[in-house]
Amino acid sequence: MEGAVAAQSAAQATEQAAAEPADDPAVHRFECRSCGYVYDPAEGVKKVGIDAGTPFLDLDPARFRCPVCRSRMGAFQDIGPRSKPSGFEENLNFGLGVNRLTPGQKNVLIFGAFALAFAFFLSLYSLR
């Protein structure tokens, strides 16, 4: 019985450790509400000399401006980490599972379907 309790508490600790990086604001992306520019700390901003890996909250609020529209830091909104599904939290459980996909996964799904449809269209020429 004690082994089962210890295994369960170890599993819970592993789940909490896996959930913590997503809650870490150092990896969150921030979007400019004025122009839509997204600051990703994994990429930085080469244009203004901000190295990759620099969290948004570590930037100097007096000096940092949006590289596109020159808005101040107050115009930026936290949109979460890159791996977070896009959309409102209350809508993620609806649909056919597509609502839980990240933006990159949605792009692969959409453009993959276009490529498949184009391949089927071209295969019609072989029916002569």
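## Close-up views of the predicted model

**View 1. The hairpin formed by strand 1 and strand 2.** In this predicted model, five residues lie between strand 1 and strand 2, the two strands of a hairpin, and within the turn Gly36 adopts a positive phi of about 90 degrees. The pairing of strand 1 with strand 2 (residues 38-39) is antiparallel and rests on two bridges. Within this pairing, Val38 of strand 2 is the residue that stands opposite Glu31.

**View 2. The pairing of strand 1 with strand 3.** Strand 1 (residues 29-32) is also joined to strand 3 (residues 76-80), with the two strands running antiparallel and four bridges between them. Here Gln77 serves as the bridge partner of Glu31 in strand 3, so that Glu31, which stands opposite Val38 in strand 2, also takes part in the pairing with strand 3. In a regular strand, side chains alternate between the two faces of the sheet.

**View 3. The strands in the context of the whole protein chain.** Two helices and three strands make up the secondary structure of the protein chain, and, read from the N terminus, these elements follow the order α-β-β-β-α. Of the 128 residues in the protein chain, 20% are buried. When contacts between residues at least 6 apart in sequence are considered, 39% of them join residues at least 24 apart.

**View 4. The exposed surface of the protein chain.** The area exposed by the protein chain comes to about 9500 Å², and 59% of this area is supplied by carbon and sulfur atoms.

Notes
Residues are numbered from 1 along each chain as its sequence is written. This is a predicted model: local features need pLDDT of at least 70, side-chain atom pairs count only at pLDDT 80 or more; totals for chains, interfaces and linings use all residues. Side-chain values use heavy atoms; hydrogens and water are left out. Two strands pair if DSSP finds at least two bridges between them. Buried means under 20% relative accessible area, exposed over 50%, partly exposed in between (1.4 Å probe, protein chains only). Contact means heavy atoms within 4.5 Å. Accessible areas come from the Shrake-Rupley method with a 1.4 Å probe; for residues, only the protein chains shown count as cover.
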